Amino acid sequence: MQTSYIENLNPTAPLNTGAIDPESLAYLRALIQEGLPLVERPYLSLAQQTGLTEQQVLDQLDVWQTEKLIRRFGIVINHHKIGYTSNAMVVWQIPPSDVDKVGKAISATGLVSLCYQRRACGDFWPYNLYCMLHGKNREEVLQRLQQLKQQCGLSDIPSRILFSLKQFKQCGGKYTFAQIDREKEATCTLHS
Amino acid sequence: MHTAQLEEESVKPGVVRSTQPEYELEELDRTLINTLQYGLPICDEPFARIARALGTSEGVVLDRLKDLLNHGYLTRFGPLFHAEQLGGALTLAAMRVPADEVSRIAEMVNRHPEVAHNYERDHDFNIWFVIATEQEFQIQEVIESIESETGYPVYNLPKQREFYVGLHFKA
């Protein structure tokens with residue numbers, strides 16, 4: 001289904017936030033990381049809790065998005081729950097001069113959930129481009145990988161596929177900064 | 001992950017919704033899942049805007065989202081901040097240990113609170129985990145500590161460039 005509001009998520013409105021004191025900002029950031037309140041006017045609710053105006057909250061979120069301090073502003077799906085129970089990390093050994101081209105090509109296929117360049121680690125782990133493939137079963141993941149190889153001309157590139165077998169540890173840990181917990185959660189989502 | 005506030009807010013009375021653990025997704029749930037992964041409107045009445053785009057009411061959108069959260073279909077509802085930009089450090093690390101040692105070593109790795117999660121993968125590099133610390137230098141400290149405890153090398157595979165992050169799943 002087409003949604004028209006998506007295009008209007010981040011209007012190029014003036015980003016004048018006025019003089020918001022840093023404490024209110026820090027509080028807003030902490031609050032919003034707990035999730036957006038599910039009420040008719042969630043930003044007004046955040047404003048009331050932080051002593052800001054609704055407009056200040058809206059403007060500040062635009063600023064954080066523009067500055068890329070906010071990585072994503074959407075819902076995060078429990079993909080296991082909707083049936084994506086198989087995942088594989090696929091690593092490629094790409095000549096350094098081609099990494100840019102291949103990374104962009106892989107990303108453009110829509111077949112991968114993420115694509116990162118990582119530092120290679122000696123001769124026994126020479127892989128420098130990583131992507132994550134999700135599917136409802138192994139066959140689906142392997143099919144996607146086949147498609148990916150065909151679409152990006154990767155059939156002759158040295159690669160390894162690593163299916164996940166077992167999750168030893170759920171996301172957890174104790175940190176001073178809530179931000180890191182949130183990012184860990186994002187990372188867990190990305191790698192799980 | 002949802003707030004206490006969300007937990008307190010139950011489904012509105014009069015709306016007949018299943019509260020069984022196994023919640024069957026309906027068409028509208030799927031549409032919400034499939035579209036809101038790409039973003040939430042930043043405007044005074046975001047749920048009303050979503051409802052208009054989907055041809056339903058604000059109350060229905062809110063109820064459905066609460067159900068999806070309560071039944072675990074959604075893990076987050078709101079922004080994810082970029083940890084590196086806030087000063088946090090992250091890396092992916094791998095170990096290659098004998099198959100009969102995997103469980104024992106994984107347990108030792110997991111005792112470190114900086115280890116965000118840990119997966120066994122079907123490869124001779126078989127233990128894969130994320131290390132998240134407040135500061136960059138602490139990554140190396142954790143790695144050295146795991147190496148000395150387990151007697152196996154830990155391969156540090158830090159991210160150099162992010163080409164694509166699009167964890168979008170079609171329901």
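What pLDDT does chain B average, and what percentage of its residues score at least 70? I looked this up before anything else, and chain B averages a pLDDT of 83, with 84% of the residues scoring at least 70; pLDDT is the predictor's confidence in each residue, on a scale from 0 to 100.

**Entry 1: conventions and confidence**

I note that this is a predicted model, in which local features need pLDDT of at least 70 and side-chain atom pairs count only at pLDDT 80 or more, while totals for chains, interfaces and linings use all residues. Residues are numbered from 1 along each chain as its sequence is written, and chains are lettered from A and ligands numbered from 1 in the order in which they are written.

In chain B, I found the pLDDT below 50 over residues 1-20, a stretch that has 27 contacts in the model beyond near neighbours in sequence; two residues are in contact if their C-beta atoms, placed from the backbone, lie within 7 Å. For chain A the mean pLDDT is 80, and 77% of its residues reach 70 or more. Residues 1-17 of chain A have a pLDDT below 50 and, beyond near neighbours in sequence, 29 contacts in the model. Over residues 172-192 of chain A the pLDDT again stays under 50, and the model has 57 contacts for this stretch beyond four places in sequence. Where pLDDT is low, the predicted coordinates should not be read in detail. For the complex, I took down an ipTM of 0.72 and a pTM of 0.71 from the predictor.

**Entry 2: chain A overall**

I counted through the elements of chain A and have six helices and five strands, in the order α-α-α-β-β-α-β-β-α-β-α from the N terminus on; helices (H or I, at least four residues) and strands (E, at least two) are DSSP runs, numbered from the N terminus. Of the 192 residues of chain A, 40% count as buried, where buried means 20 or more other C-beta atoms within 10 Å of the residue's own, exposed 12 or fewer, and partly exposed in between, with C-beta atoms placed from the backbone. Of the contacts in chain A with a separation of 6 or more, 62% are between residues 24 or more positions apart.

Chain A is divided into domain 1 (5-66) and domain 2 (86-163), with bounds that come from an automatic or database domain assignment. The C-alpha centres of the two domains of chain A lie 37 Å apart.

**Entry 3: α2 and α3 of chain A**

How do helices α2 (residues 42-50) and α3 (residues 54-66) of chain A pack, at what angle and how far apart are their axes? I read an angle of about 105° with the axes 8 Å apart; axes are lines fitted to C-alpha atoms, for helices over the stretch in contact, and angles run from 0 to 180 degrees between N-to-C directions. α2(A) and α3(A) are therefore roughly perpendicular to each other, under a scheme in which angles under 35 degrees count as roughly parallel, over 145 as roughly antiparallel, 65 to 115 as roughly perpendicular and the rest as oblique. On the α2(A) side I listed Tyr43(A), Leu44(A), Leu46(A) and Ala47(A), which meet Glu54(A), Gln56(A), Val57(A) and Leu58(A) in α3(A).

**Entry 4: Leu148(A)**

Leu148(A) lies in helix α5 (residues 138-152) of chain A, and I count Leu148(A) as buried because it has 21 C-beta neighbours inside 10 Å. Leaving aside neighbours within four places in sequence, Leu148(A) is in contact with Ile106(A), Thr109(A), Leu111(A), Val112(A) and Leu154(A).

**Entry 5: chain B**

Chain B has six helices and six strands, and buried residues make up 39% of its 171 residues. In helix α2 (residues 27-36) of chain B, I found Thr31(B), Leu32(B), Ile33(B), Thr35(B) and Leu36(B) buried. What covers them includes β1 (70-77) of chain A, together with α3 (46-54) and α4 (58-70) of chain B.

I then looked at α2(B) against α4(B), which pack at an angle of about 80° with their axes 10 Å apart, and that makes α2(B) roughly perpendicular to α4(B). Leu28(B), Asp29(B) and Leu32(B) of α2(B) make the contact with Arg64(B), Leu65(B) and Leu68(B) of α4(B).

Last, I checked Ile131(B) in strand β4 (residues 127-133) of chain B, which is buried, with 27 other C-beta atoms within 10 Å.
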